[in-house]
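Student: I should like a close look at one part of this model, namely its aromatic rings and the contacts they make. Please take me through it in a connected account.

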Amino acid sequence: VFLAFKNLRSRDPVSFFALWFLLAFVVTSNVLFPIGTVFAERLSYVPGIGIAGLLAMAFRAVSSLALRRALIVVALLFFGAKSFVQNEFWVDNYTLHSYQRTVSSQSAKTVLNYGVLLRQNGRVREASRQFEKALAIYPAFADASYNLALNELAMNREAEAQRWLNKTLQLNSYHTPALNMA
């Protein structure tokens, strides 16, 4: 990093692209502070410009045109294959959230999303277990308690639903969906 900053003054494109990647990635990587997002390839687009620039500089450094073309084809095949494999998990919401659970099983947001999917498919009791698990992972997660309130309403248990709505508002007094129901 120090060398990249040092060489940036000389307008070194490798330094520029390396710093581009590092600075853009550090903001979205959950390293400095949690941003509350998982499974978010969309956040890697801007840092990806740095990687693309570094690859372009590496290809440019290859003097043999035949070797350069071969390396570009290999890179395209590699990234194409990676995209093809990832597309397997984006078939529908069920495959996406099921895969997400295997990758980020300790993410309260991932567990919540899976619970919402279960409720949408009529599996309310299973969904409640997921929302409770999300609260166990992150006890201040107002959206999880709110979804428990929705499940209790779906099971015609109004007193329990009200208890979860109160809990939601205790966790986040500005939780708009809960305020609209309270």
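Tutor: A charge is taken to sit over a ring if NZ of Lys or CZ of Arg is within 6 Å of the ring centre and within 35 degrees of the ring normal. In this predicted model, R101 places its charged end over the ring of Y114, 4.0 Å from the centre of that ring. A further arginine, R163, lies over the face of W164, and here the distance to the ring centre is 4.7 Å.

Rings also pair with one another, and the structure holds 6 aromatic pairs. One of them joins F16 and F17 in an edge-to-face arrangement, with 5.2 Å from centre to centre and 75° between the planes. F16 also pairs with W20; this pair is tilted, its centres being 5.8 Å apart and its planes 55° apart. The angle of 55° between F16 and W20 is called tilted because planes under 30 degrees apart count as stacked and those over 60 as edge-to-face. Along the chain, F16 and W20 are about one helical turn apart, because they are separated by 4 residues in helix 2 (residues 13-28).

Taken together, the ring pairs link F16, F17 and W20 into a cluster. As for accessibility, F16 counts as partly exposed because its relative accessibility is 39%. W20 likewise counts as partly exposed, at 31% relative accessibility.

Technical notes:
Residues are numbered from 1 along each chain as its sequence is written. This is a predicted model: local features need pLDDT of at least 70, side-chain atom pairs count only at pLDDT 80 or more; totals for chains, interfaces and linings use all residues. Side-chain values use heavy atoms; hydrogens and water are left out. Rings of Phe, Tyr and Trp (its six-membered ring) pair if their centres lie within 6.5 Å; planes under 30 degrees apart count as stacked, over 60 as edge-to-face and the rest as tilted. Buried means under 20% relative accessible area, exposed over 50%, partly exposed in between (1.4 Å probe, protein chains only). Helices (H or I, at least four residues) and strands (E, at least two) are DSSP runs, numbered from the N terminus.
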